[in-house]
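User: I am in my first year and I would like to understand how the labels given to a structure are justified. Could we go through some of them together?

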Amino acid sequence: MRIAVVDDDPIELILLRDLSADFDSTLEFEGHTTVRSLLESGPQQYDLLFLDRRIPPHREYYETLPMLESAGYDGRVVMMTAHDSGVENGDYRFELVGPVNKIDLLQPDTLKALIHHA
């Protein structure tokens, strides 16, 4: 399974990759520090995206999710956040999960469930 972590803080990629290796060593992780980088790489190659809710230069998820939709992504998106002020779910071709607090992703059972339901 190919997983992209889209976050301006590269530590998120390291944490998610290292924590998931404890339960599935076959997962392939790739990091992107911008949505533009993800889109240029071809998001369709990923089965699962972990997307920071507020990734610069965008202010909020309602700017980035339509970009994924326009690019034709149809996998699963887990929206990560350090502050959950709720999300209005739109009608997207992909499955949107979350927002999930980044602290909760450090729990192996939570991370495993999110990955294995992709």
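Analyst: What follows is a set of questions about a predicted model, each answered by setting a value against a cut-off.

User: Why is T81 called buried?

Analyst: T81, which lies in strand β4, has a relative accessible area of 4%, and because buried means under 20%, T81 is counted as buried. Leaving aside its neighbours within four places in sequence, T81 is in contact with R53, P99, V100, N101 and K102.

User: What makes S41 partly exposed?

Analyst: The relative accessible area of S41, a residue of helix α2, is 28%, and since partly exposed is the range between under 20% and over 50%, S41 is given that label. Beyond its neighbours within four places in sequence, S41 is in contact with H32 and Y46.

User: How do you know that the side chains of D7 and K102 meet in a salt bridge?

Analyst: The distance from N to O is 2.8 Å, and because a salt bridge requires a side-chain nitrogen of Lys or Arg within 4 Å of a carboxyl oxygen of Asp or Glu, the pair qualifies. This pair links distant parts of the chain, with D7 in the loop between β1 and α1 and K102 in the loop between β5 and α4, 95 residues apart. D7 is buried at 2% relative accessible area, and K102 counts as buried at 16%.

User: What makes the pair of D52 and K102 a salt bridge?

Analyst: Here the distance from N to O is 3.6 Å, which is within 4 Å, so the pair of D52 and K102 also meets the definition. D52 lies in strand β3 and K102 in the loop between β5 and α4, so the pair ties together parts that are 50 residues apart in sequence.

User: Why is β1 said to pair with β2?

Analyst: Five bridges join strand β1 to β2, and because two strands pair if there are at least two bridges between them, this is a pair, and the two strands run parallel. One of these links is visible at V5, whose bridge partner in β2 is G31.

User: Which strands stand at the edges of the sheet?

Analyst: The open sheet of five strands has the order β2-β1-β3-β4-β5, with parallel pairing. β2 and β5 stand at the edges, each with a single partner strand, so one side of each is left without a neighbour in the sheet.

Methods
Residues numbered from 1 in each chain as written. Predicted model: local features only at pLDDT ≥ 70, side-chain atom pairs only at ≥ 80, totals over all residues. Heavy atoms only, no water. Helix = DSSP H or I, 4+ residues; strand = E, 2+ residues; numbered from the N terminus. Buried < 20%, exposed > 50% of the residue type's maximum accessible area, 1.4 Å probe, protein only. Contact = heavy atoms within 4.5 Å.
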